[in-house]
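Subject: Structure handover

Hello,

Here is the structure you were expecting. My notes on it follow below the display.

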Amino acid sequence: MTLSATQRLAAFCLDLRWDKLPSAVQERTKELVLDLTGVALRGSLEESSRPGIELAREMAGGGRAIVWGAGFRAPAPWAALANGTMAHAIEMDDVTTESSLHPGVAVVPAALSLAQENDAPPTRFLEAVVAGYEVMMRVGNALNPASAYARGFHPTGVAGAFGAATAASLLLGLDIAQTVSALGIAGTMAAGSLEYLSDGSWTKRLNAGWAAHAGVVAASLARTGFTGPASAIEGPLGALHAFSDDPDPDRLFFDDPGQQFQVERVSIKPYACCRYNHGLIDCVLALRNQHRIASEDVERIRLGVLTGGALLVAEPIERKRDPRNLVEAQFSAPFGSALALVRGSAGYRDFTPANLEDETIRNLMTRTDCVRDPALDARYPQEWPAWVELRLRDGQLLRSEIRHASGEPENPVSRAALIEKFVDLAGGSIPRARALEVADHILRMDDLADVEVLAL
(Lines give C-alpha, C1' and ligand atoms only; values in the text may rest on other atoms or scores of the structure.)
Protein backbone atom coordinates (compact mmCIF):
# COMPACT_ATOMS: atom_id res chain seq x y z
CA MET A 1 0.00 0.00 0.00
CA THR A 2 1.30 3.45 -0.92
CA LEU A 3 1.59 5.72 2.08
CA SER A 4 0.32 9.28 1.96
CA ALA A 5 2.82 12.09 2.50
CA THR A 6 1.33 12.66 5.94
CA GLN A 7 1.78 8.98 6.82
CA ARG A 8 5.40 9.03 5.59
CA LEU A 9 6.20 12.05 7.76
CA ALA A 10 4.61 10.41 10.79
CA ALA A 11 6.54 7.17 10.25
CA PHE A 12 9.83 9.03 9.84
CA CYS A 13 9.35 10.97 13.07
CA LEU A 14 8.23 7.99 15.15
CA ASP A 15 11.45 6.23 14.18
CA LEU A 16 13.67 9.03 15.54
CA ARG A 17 15.86 8.03 18.50
CA TRP A 18 18.03 10.51 20.36
CA ASP A 19 21.02 8.20 20.69
CA LYS A 20 20.96 7.53 16.94
CA LEU A 21 21.03 11.20 15.91
CA PRO A 22 24.34 12.78 14.85
CA SER A 23 26.07 14.70 17.61
CA ALA A 24 25.74 17.93 15.60
CA VAL A 25 21.97 17.48 15.57
CA GLN A 26 21.89 16.78 19.29
CA GLU A 27 23.94 19.88 20.14
CA ARG A 28 21.96 22.14 17.84
CA THR A 29 18.68 20.94 19.31
CA LYS A 30 19.78 21.84 22.83
CA GLU A 31 21.00 25.23 21.62
CA LEU A 32 17.61 25.93 20.07
CA VAL A 33 15.83 24.98 23.30
CA LEU A 34 18.16 27.29 25.22
CA ASP A 35 17.56 30.18 22.83
CA LEU A 36 13.78 29.78 22.81
CA THR A 37 13.63 29.60 26.60
CA GLY A 38 15.53 32.85 27.02
CA VAL A 39 13.43 34.63 24.41
CA ALA A 40 10.24 33.41 26.10
CA LEU A 41 11.36 34.57 29.54
CA ARG A 42 11.96 38.08 28.20
CA GLY A 43 8.75 37.90 26.21
CA SER A 44 6.79 37.02 29.35
CA LEU A 45 7.32 40.63 30.49
CA GLU A 46 5.63 42.12 27.43
CA GLU A 47 2.15 43.59 27.66
CA SER A 48 0.87 41.27 24.94
CA SER A 49 1.83 38.22 27.03
CA ARG A 50 -0.33 39.10 30.04
CA PRO A 51 -3.72 38.04 28.64
CA GLY A 52 -2.40 34.58 27.72
CA ILE A 53 -0.79 34.20 31.13
CA GLU A 54 -4.00 35.20 32.88
CA LEU A 55 -6.06 32.84 30.74
CA ALA A 56 -3.69 30.00 31.66
CA ARG A 57 -4.02 31.00 35.32
CA GLU A 58 -7.81 30.75 35.08
CA MET A 59 -7.43 27.26 33.60
CA ALA A 60 -4.71 26.22 36.04
CA GLY A 61 -6.59 23.63 38.08
CA GLY A 62 -4.56 20.43 38.21
CA GLY A 63 -2.06 21.38 35.55
CA ARG A 64 1.63 20.45 35.76
CA ALA A 65 3.09 22.44 32.83
CA ILE A 66 5.09 25.56 33.69
CA VAL A 67 3.97 28.97 32.45
CA TRP A 68 7.31 30.67 31.87
CA GLY A 69 8.08 33.69 34.00
CA ALA A 70 4.71 33.54 35.80
CA GLY A 71 5.44 31.27 38.75
CA PHE A 72 2.59 28.79 38.30
CA ARG A 73 1.66 25.67 36.35
CA ALA A 74 -1.33 24.98 34.14
CA PRO A 75 -2.79 22.21 31.97
CA ALA A 76 -0.64 21.52 28.93
CA PRO A 77 -2.85 23.13 26.25
CA TRP A 78 -3.06 26.43 28.13
CA ALA A 79 0.60 26.51 29.15
CA ALA A 80 1.51 25.89 25.51
CA LEU A 81 -0.74 28.76 24.41
CA ALA A 82 0.73 31.22 26.91
CA ASN A 83 4.34 30.14 26.35
CA GLY A 84 4.11 30.14 22.57
CA THR A 85 2.56 33.60 22.54
CA MET A 86 5.17 35.11 24.88
CA ALA A 87 8.02 33.44 22.97
CA HIS A 88 7.01 35.34 19.83
CA ALA A 89 6.56 38.71 21.54
CA ILE A 90 9.99 40.31 21.02
CA GLU A 91 10.77 38.91 17.56
CA MET A 92 14.03 37.27 18.68
CA ASP A 93 12.97 33.63 18.46
CA ASP A 94 14.58 31.29 15.96
CA VAL A 95 13.69 31.50 12.30
CA THR A 96 14.20 29.62 9.04
CA THR A 97 15.14 30.63 5.53
CA GLU A 98 13.46 28.38 2.96
CA SER A 99 10.26 27.92 4.95
CA SER A 100 10.26 31.51 6.30
CA LEU A 101 8.81 30.61 9.67
CA HIS A 102 9.57 30.39 13.39
CA PRO A 103 9.64 26.74 14.50
CA GLY A 104 10.65 27.08 18.15
CA VAL A 105 7.62 29.08 19.27
CA ALA A 106 5.21 26.31 18.25
CA VAL A 107 7.23 23.15 18.86
CA VAL A 108 9.11 23.77 22.12
CA PRO A 109 6.11 25.00 24.20
CA ALA A 110 3.98 22.08 23.02
CA ALA A 111 6.74 19.55 23.73
CA LEU A 112 7.63 21.00 27.13
CA SER A 113 4.05 21.13 28.38
CA LEU A 114 3.46 17.45 27.66
CA ALA A 115 6.92 16.37 28.81
CA GLN A 116 6.15 17.87 32.20
CA GLU A 117 2.64 16.46 32.37
CA ASN A 118 3.84 12.97 31.46
CA ASP A 119 7.18 12.90 33.33
CA ALA A 120 9.00 12.30 30.05
CA PRO A 121 12.80 12.00 30.22
CA PRO A 122 14.80 14.81 28.61
CA THR A 123 15.86 12.61 25.71
CA ARG A 124 12.23 11.96 24.80
CA PHE A 125 11.50 15.69 25.01
CA LEU A 126 14.47 16.40 22.73
CA GLU A 127 13.39 13.72 20.24
CA ALA A 128 9.99 15.40 20.11
CA VAL A 129 11.60 18.78 19.44
CA VAL A 130 13.66 17.34 16.55
CA ALA A 131 10.56 15.68 15.09
CA GLY A 132 8.43 18.80 15.50
CA TYR A 133 10.97 21.01 13.74
CA GLU A 134 11.29 18.38 11.01
CA VAL A 135 7.61 18.35 10.15
CA MET A 136 6.97 22.06 10.66
CA MET A 137 9.83 23.15 8.43
CA ARG A 138 9.11 20.60 5.71
CA VAL A 139 5.47 21.70 5.58
CA GLY A 140 6.67 25.31 5.45
CA ASN A 141 9.07 24.49 2.63
CA ALA A 142 6.28 22.84 0.68
CA LEU A 143 3.85 25.71 1.25
CA ASN A 144 6.11 28.15 -0.61
CA PRO A 145 6.16 31.05 1.87
CA ALA A 146 5.93 33.84 -0.71
CA SER A 147 2.69 32.35 -2.01
CA ALA A 148 1.29 31.90 1.52
CA TYR A 149 2.16 35.53 2.32
CA ALA A 150 0.45 36.74 -0.84
CA ARG A 151 -2.74 34.99 0.26
CA GLY A 152 -2.54 36.57 3.71
CA PHE A 153 -1.35 33.55 5.71
CA HIS A 154 1.42 33.37 8.31
CA PRO A 155 3.47 30.20 7.70
CA THR A 156 4.35 29.92 11.40
CA GLY A 157 0.70 29.57 12.33
CA VAL A 158 -0.15 27.22 9.49
CA ALA A 159 2.84 24.85 9.58
CA GLY A 160 3.24 25.27 13.34
CA ALA A 161 0.10 23.29 14.12
CA PHE A 162 1.60 20.28 12.32
CA GLY A 163 4.98 20.64 14.02
CA ALA A 164 3.44 20.96 17.47
CA ALA A 165 1.11 18.02 16.84
CA THR A 166 4.10 15.88 15.85
CA ALA A 167 6.02 16.75 19.00
CA ALA A 168 2.93 16.17 21.11
CA SER A 169 2.28 12.78 19.49
CA LEU A 170 5.73 11.53 20.45
CA LEU A 171 5.33 12.66 24.04
CA LEU A 172 1.89 11.07 24.35
CA GLY A 173 3.25 7.79 22.96
CA LEU A 174 0.89 7.65 19.99
CA ASP A 175 1.25 4.92 17.40
CA ILE A 176 1.50 5.71 13.70
CA ALA A 177 -2.26 5.63 13.05
CA GLN A 178 -2.91 7.95 15.99
CA THR A 179 -0.09 10.27 14.92
CA VAL A 180 -1.52 10.50 11.42
CA SER A 181 -4.89 11.37 12.97
CA ALA A 182 -3.19 14.01 15.14
CA LEU A 183 -1.72 15.58 12.00
CA GLY A 184 -5.10 15.34 10.32
CA ILE A 185 -6.77 17.09 13.24
CA ALA A 186 -4.02 19.72 13.24
CA GLY A 187 -4.86 20.39 9.61
CA THR A 188 -8.33 21.55 10.57
CA MET A 189 -6.88 23.75 13.36
CA ALA A 190 -4.06 25.32 11.33
CA ALA A 191 -4.44 29.08 11.08
CA GLY A 192 -2.54 32.35 10.99
CA SER A 193 -3.62 35.64 9.46
CA LEU A 194 -1.21 38.41 8.39
CA GLU A 195 -3.80 41.13 8.92
CA TYR A 196 -1.88 42.32 11.98
CA LEU A 197 0.25 44.18 9.43
CA SER A 198 -2.64 46.61 8.93
CA ASP A 199 -2.54 48.07 12.43
CA GLY A 200 0.28 46.47 14.43
CA SER A 201 -1.99 44.40 16.67
CA TRP A 202 -0.83 41.36 18.63
CA THR A 203 -2.23 38.47 16.62
CA LYS A 204 1.09 37.51 15.03
CA ARG A 205 2.19 36.47 18.52
CA LEU A 206 -1.03 34.53 19.02
CA ASN A 207 -0.43 32.67 15.74
CA ALA A 208 2.55 31.03 17.43
CA GLY A 209 0.78 30.30 20.71
CA TRP A 210 -2.30 28.96 18.96
CA ALA A 211 -0.16 26.59 16.88
CA ALA A 212 1.40 25.18 20.07
CA HIS A 213 -2.02 24.89 21.71
CA ALA A 214 -3.58 23.29 18.62
CA GLY A 215 -0.83 20.69 18.43
CA VAL A 216 -1.37 19.62 22.03
CA VAL A 217 -5.14 19.44 21.57
CA ALA A 218 -4.86 17.57 18.25
CA ALA A 219 -2.59 14.86 19.68
CA SER A 220 -4.72 14.58 22.82
CA LEU A 221 -7.86 14.07 20.74
CA ALA A 222 -6.11 11.47 18.59
CA ARG A 223 -5.10 9.57 21.72
CA THR A 224 -8.78 9.28 22.70
CA GLY A 225 -9.73 7.86 19.29
CA PHE A 226 -10.75 10.97 17.36
CA THR A 227 -9.77 10.58 13.71
CA GLY A 228 -8.32 12.98 11.19
CA PRO A 229 -7.68 12.66 7.44
CA ALA A 230 -4.53 10.80 6.43
CA SER A 231 -3.82 13.36 3.70
CA ALA A 232 -4.32 16.55 5.70
CA ILE A 233 -1.11 18.09 4.37
CA GLU A 234 -0.94 17.13 0.71
CA GLY A 235 -4.52 16.11 -0.12
CA PRO A 236 -6.66 17.83 -2.76
CA LEU A 237 -8.28 19.94 -0.04
CA GLY A 238 -5.37 19.79 2.42
CA ALA A 239 -3.10 22.46 3.83
CA LEU A 240 -0.84 22.88 0.80
CA HIS A 241 -3.86 23.50 -1.41
CA ALA A 242 -5.69 25.66 1.12
CA PHE A 243 -2.87 28.00 2.10
CA SER A 244 -0.79 28.33 -1.07
CA ASP A 245 -1.31 28.97 -4.79
CA ASP A 246 2.07 27.50 -5.67
CA PRO A 247 2.94 24.63 -3.31
CA ASP A 248 5.76 22.15 -3.87
CA PRO A 249 4.83 18.83 -2.22
CA ASP A 250 8.23 17.37 -3.11
CA ARG A 251 9.76 19.64 -0.45
CA LEU A 252 8.10 17.48 2.21
CA PHE A 253 10.83 14.88 1.81
CA PHE A 254 14.60 14.51 1.82
CA ASP A 255 16.31 14.77 -1.55
CA ASP A 256 18.86 12.17 -0.44
CA PRO A 257 19.67 10.17 2.72
CA GLY A 258 22.58 12.44 3.62
CA GLN A 259 20.58 15.67 3.72
CA GLN A 260 20.66 17.69 6.93
CA PHE A 261 18.05 17.47 9.64
CA GLN A 262 15.92 20.58 9.70
CA VAL A 263 17.21 21.73 13.12
CA GLU A 264 20.57 22.30 11.42
CA ARG A 265 18.96 24.84 9.07
CA VAL A 266 17.60 27.15 11.74
CA SER A 267 18.87 30.70 12.31
CA ILE A 268 19.36 32.45 15.65
CA LYS A 269 18.17 36.07 15.65
CA PRO A 270 20.43 38.85 16.95
CA TYR A 271 17.93 41.61 16.10
CA ALA A 272 14.46 42.15 17.56
CA CYS A 273 12.53 42.49 14.34
CA CYS A 274 11.27 40.63 11.29
CA ARG A 275 13.94 38.38 9.80
CA TYR A 276 13.55 40.10 6.41
CA ASN A 277 15.20 43.16 8.00
CA HIS A 278 18.26 41.36 9.35
CA GLY A 279 20.46 41.39 6.26
CA LEU A 280 19.67 45.09 5.81
CA ILE A 281 20.65 45.84 9.40
CA ASP A 282 23.89 43.89 8.95
CA CYS A 283 24.71 46.02 5.90
CA VAL A 284 23.92 49.30 7.66
CA LEU A 285 26.03 48.38 10.68
CA ALA A 286 28.92 47.34 8.42
CA LEU A 287 28.86 50.72 6.64
CA ARG A 288 28.45 52.61 9.90
CA ASN A 289 31.40 50.88 11.52
CA GLN A 290 33.67 50.92 8.48
CA HIS A 291 33.14 54.56 7.53
CA ARG A 292 32.20 56.02 10.93
CA ILE A 293 29.03 57.48 9.47
CA ALA A 294 26.79 59.78 11.49
CA SER A 295 23.11 60.10 10.66
CA GLU A 296 23.52 63.74 9.65
CA ASP A 297 25.99 62.63 6.96
CA VAL A 298 23.33 60.65 5.10
CA GLU A 299 21.22 62.19 2.35
CA ARG A 300 19.39 59.06 1.14
CA ILE A 301 19.14 55.34 1.99
CA ARG A 302 18.27 52.64 -0.55
CA LEU A 303 17.45 49.14 0.68
CA GLY A 304 17.59 46.13 -1.61
CA VAL A 305 14.71 43.93 -0.42
CA LEU A 306 13.45 40.50 -1.38
CA THR A 307 10.14 40.41 -3.18
CA GLY A 308 9.13 37.53 -0.89
CA GLY A 309 9.37 39.80 2.14
CA ALA A 310 8.37 43.13 0.62
CA LEU A 311 4.76 42.76 1.77
CA LEU A 312 5.96 42.37 5.34
CA VAL A 313 8.65 45.05 5.67
CA ALA A 314 8.71 47.37 2.65
CA GLU A 315 5.24 47.99 1.28
CA PRO A 316 3.31 50.21 1.23
CA ILE A 317 6.35 52.42 1.67
CA GLU A 318 4.38 55.33 3.14
CA ARG A 319 3.26 53.12 6.02
CA LYS A 320 6.67 51.55 6.49
CA ARG A 321 8.22 55.03 6.80
CA ASP A 322 5.71 55.91 9.52
CA PRO A 323 5.32 53.02 12.00
CA ARG A 324 2.79 53.91 14.69
CA ASN A 325 3.55 51.23 17.28
CA LEU A 326 6.28 48.72 18.09
CA VAL A 327 4.78 45.86 16.07
CA GLU A 328 4.75 48.08 13.00
CA ALA A 329 8.33 49.09 13.81
CA GLN A 330 9.38 45.43 13.93
CA PHE A 331 7.99 45.06 10.41
CA SER A 332 9.47 48.22 8.90
CA ALA A 333 12.69 47.99 6.89
CA PRO A 334 13.07 51.80 7.00
CA PHE A 335 12.78 51.83 10.79
CA GLY A 336 15.17 48.93 11.37
CA SER A 337 17.78 50.42 9.07
CA ALA A 338 17.46 53.95 10.47
CA LEU A 339 17.56 52.56 14.02
CA ALA A 340 20.77 50.65 13.29
CA LEU A 341 22.38 53.71 11.70
CA VAL A 342 21.50 56.02 14.61
CA ARG A 343 21.92 53.68 17.57
CA GLY A 344 24.47 51.21 16.24
CA SER A 345 22.34 48.26 17.35
CA ALA A 346 18.88 46.75 16.89
CA GLY A 347 18.27 44.49 19.88
CA TYR A 348 15.18 44.29 22.04
CA ARG A 349 16.37 47.27 24.10
CA ASP A 350 16.34 49.37 20.92
CA PHE A 351 12.77 48.68 19.88
CA THR A 352 11.26 51.15 22.33
CA PRO A 353 8.60 53.88 22.25
CA ALA A 354 11.35 56.46 22.68
CA ASN A 355 13.17 55.33 19.54
CA LEU A 356 9.89 55.02 17.70
CA GLU A 357 9.35 58.74 18.30
CA ASP A 358 12.98 59.80 17.86
CA GLU A 359 13.10 62.71 15.39
CA THR A 360 16.44 61.69 13.87
CA ILE A 361 15.22 58.15 13.17
CA ARG A 362 11.92 59.42 11.79
CA ASN A 363 13.67 61.92 9.54
CA LEU A 364 15.91 59.19 8.14
CA MET A 365 12.88 57.01 7.40
CA THR A 366 11.41 59.72 5.18
CA ARG A 367 14.60 59.52 3.10
CA THR A 368 14.64 55.73 2.82
CA ASP A 369 13.57 53.82 -0.29
CA CYS A 370 12.97 50.08 -0.63
CA VAL A 371 13.93 48.50 -3.95
CA ARG A 372 12.96 45.06 -5.22
CA ASP A 373 15.92 43.45 -6.94
CA PRO A 374 15.61 40.44 -9.30
CA ALA A 375 19.24 39.54 -8.55
CA LEU A 376 18.30 39.06 -4.88
CA ASP A 377 15.10 37.20 -5.74
CA ALA A 378 17.04 34.72 -7.89
CA ARG A 379 18.54 33.18 -4.73
CA TYR A 380 15.32 33.17 -2.68
CA PRO A 381 14.08 31.27 -0.68
CA GLN A 382 17.19 29.12 -0.20
CA GLU A 383 19.12 32.34 0.57
CA TRP A 384 17.98 35.75 1.81
CA PRO A 385 20.61 38.20 0.52
CA ALA A 386 20.36 41.97 0.92
CA TRP A 387 22.15 45.19 0.03
CA VAL A 388 22.17 48.79 1.27
CA GLU A 389 23.30 51.98 -0.43
CA LEU A 390 23.94 55.19 1.49
CA ARG A 391 24.14 58.46 -0.47
CA LEU A 392 26.10 60.92 1.66
CA ARG A 393 25.66 64.68 1.60
CA ASP A 394 29.19 65.09 0.25
CA GLY A 395 28.25 63.06 -2.84
CA GLN A 396 29.80 59.71 -1.84
CA LEU A 397 27.85 56.52 -2.57
CA LEU A 398 28.56 53.70 -0.14
CA ARG A 399 27.27 50.17 -0.68
CA SER A 400 27.28 46.97 1.36
CA GLU A 401 25.97 43.55 0.39
CA ILE A 402 25.42 40.37 2.38
CA ARG A 403 24.59 36.85 1.34
CA HIS A 404 23.89 35.29 4.74
CA ALA A 405 22.71 37.45 7.63
CA SER A 406 24.14 37.14 11.12
CA GLY A 407 22.82 34.08 12.92
CA GLU A 408 22.16 31.96 9.86
CA PRO A 409 23.77 28.50 9.78
CA GLU A 410 26.23 29.79 7.18
CA ASN A 411 27.06 32.79 9.40
CA PRO A 412 26.40 31.44 12.89
CA VAL A 413 26.62 32.99 16.31
CA SER A 414 29.08 31.24 18.60
CA ARG A 415 27.90 29.12 21.51
CA ALA A 416 29.39 31.72 23.86
CA ALA A 417 27.32 34.44 22.17
CA LEU A 418 24.24 32.24 22.36
CA ILE A 419 24.74 31.73 26.11
CA GLU A 420 25.23 35.47 26.59
CA LYS A 421 22.01 36.15 24.68
CA PHE A 422 20.18 33.75 26.99
CA VAL A 423 21.66 35.33 30.12
CA ASP A 424 20.77 38.81 28.91
CA LEU A 425 17.19 37.92 27.98
CA ALA A 426 16.60 35.90 31.15
CA GLY A 427 17.95 38.75 33.28
CA GLY A 428 14.49 40.18 33.90
CA SER A 429 13.40 36.92 35.52
CA ILE A 430 16.44 35.30 37.15
CA PRO A 431 19.86 36.50 38.40
CA ARG A 432 22.88 36.23 36.10
CA ALA A 433 24.55 33.47 38.12
CA ARG A 434 21.36 31.42 38.03
CA ALA A 435 20.97 32.06 34.30
CA LEU A 436 24.48 30.79 33.60
CA GLU A 437 23.74 27.67 35.62
CA VAL A 438 20.48 27.08 33.77
CA ALA A 439 22.22 27.53 30.42
CA ASP A 440 24.81 24.92 31.37
CA HIS A 441 22.10 22.49 32.43
CA ILE A 442 20.05 22.96 29.26
CA LEU A 443 23.09 22.38 27.06
CA ARG A 444 23.63 19.02 28.74
CA MET A 445 20.01 18.22 29.57
CA ASP A 446 20.18 14.83 27.86
CA ASP A 447 22.25 13.75 30.88
CA LEU A 448 19.70 15.03 33.40
CA ALA A 449 16.92 13.08 35.09
CA ASP A 450 14.00 15.32 34.02
CA VAL A 451 13.07 18.50 32.18
CA GLU A 452 12.55 20.62 35.29
CA VAL A 453 15.58 22.73 34.38
CA LEU A 454 13.10 24.46 32.03
CA ALA A 455 10.61 25.22 34.82
CA LEU A 456 11.53 28.91 35.05
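A residue counts as buried under 20% relative accessible area, as exposed over 50%, and as partly exposed in between. Glu46, at 22% relative accessibility, is therefore partly exposed. Please keep in mind that this is a predicted model.

Salt bridges

Side chains of opposite charge can pair when their charged atoms come close. The cut-off used is a side-chain nitrogen of Lys or Arg within 4 Å of a carboxyl oxygen of Asp or Glu. By this rule the model has 33 salt bridges.

Glu46 takes part in one of them: its partner is Arg42, with an N to O distance of 3.0 Å. Arg42 has a relative accessible area of 18% and is therefore buried.

Another joins Arg319 and Glu328, at 2.7 Å from N to O. Glu328 is buried, at a relative accessible area of 8%, while Arg319 is partly exposed at 31%.

A further pair is Arg403 and Glu383, whose closest N and O atoms are 2.8 Å apart. Arg403 sits in the loop between β8 (397-402) and α20, and Glu383 in the loop between α19 (374-377) and β7 (386-392), so this salt bridge ties together parts that are 20 residues apart in sequence. Arg403 is partly exposed, with a relative accessible area of 47%; Glu383, at 13%, is buried.

There is also a network of salt bridges, which links Glu27, Arg28, Lys30, Glu31, Arg415 and Asp446.

A buried arginine without a partner

Which side chain of opposite charge is nearest to Arg367? That is Glu299, at 7.6 Å. A salt bridge needs the nitrogen within 4 Å of the carboxyl oxygen, and Arg367 has none although it is buried. Arg367 belongs to the loop between α18 (359-365) and β6 (368-372). Leaving aside residues up to four places away in sequence, Arg367 touches Val298, Glu299, Arg300, Ile301 and Arg393.

Helix packing

Two helix pairs are listed here. Helix α2 (residues 23-43) packs with helix α20 (residues 415-426) at an angle of about 25°, and their axes are 7 Å apart. Angles under 35 degrees count as roughly parallel, and α2 and α20 are therefore roughly parallel to each other. The crossing of α2 past α20 is left-handed. On the α2 side the contact residues are Glu27, Glu31, Leu34, Asp35, Thr37, Gly38, Val39, Leu41 and Arg42; on the α20 side they are Arg415, Leu418, Ile419, Lys421, Phe422, Leu425 and Ala426. Among these, Glu27, Glu31 and Arg415 belong to the salt-bridge network, and Arg42 is the residue paired with Glu46.

In the second pair, helix α1 (residues 5-14) and helix α6 (residues 122-143) cross at roughly 155°, and their axes come within 9 Å. Angles over 145 degrees count as roughly antiparallel, and α1 and α6 are therefore roughly antiparallel. Their crossing is right-handed. Leu9, Phe12 and Cys13 of α1 meet Ala131, Glu134, Val135 and Arg138 of α6.

Backbone geometry

Most residues other than glycine have a negative phi, and most peptide bonds are trans. The following depart from that pattern.

- The peptide bond between Glu315 and Pro316 is cis, with omega about -5°. Pro316 is in the loop between α13 (307-313) and α14 (317-320).
- Tyr380 and Pro381 are also joined by a cis peptide bond, with omega near 5°. Pro381 is in the loop between α19 and β7, where Glu383 is found as well.
- Glu91 is not a glycine, yet its phi is positive, about 60°. Glu91 lies in the loop between α4 (76-87) and β3 (95-96) and is buried, at 2% relative accessibility.
- Ser100 has a positive phi near 50°. Ser100 is placed in the loop between β3 and α5 (104-117) and is buried, with a relative accessible area of 4%.

One glycine

Is Gly238 buried or exposed? Gly238 counts as buried, at 8% relative accessibility. Gly238 is in the loop between α10 (203-223) and α11 (239-243). Apart from residues up to four places away in sequence, Gly238 touches Ser231, Ala232 and Ile233. The C-alpha atoms of Gly238 and Val371 are separated by 35 Å, and the two residues are 133 residues apart along the chain.

Regards

Notes
Residues numbered from 1 in each chain as written. Predicted model: local features only at pLDDT ≥ 70, side-chain atom pairs only at ≥ 80, totals over all residues. Heavy atoms only, no water. Helix = DSSP H or I, 4+ residues; strand = E, 2+ residues; numbered from the N terminus. Buried < 20%, exposed > 50% of the residue type's maximum accessible area, 1.4 Å probe, protein only. Lys, Arg positive; Asp, Glu negative; His and termini not counted. Contact = heavy atoms within 4.5 Å. Axes fitted to C-alpha atoms, helices over the stretch in contact; angles between N-to-C directions. Parallel < 35°, antiparallel > 145°, perpendicular 65-115°, else oblique. Left-handed = near helix turned anticlockwise from the far one by under 90°.
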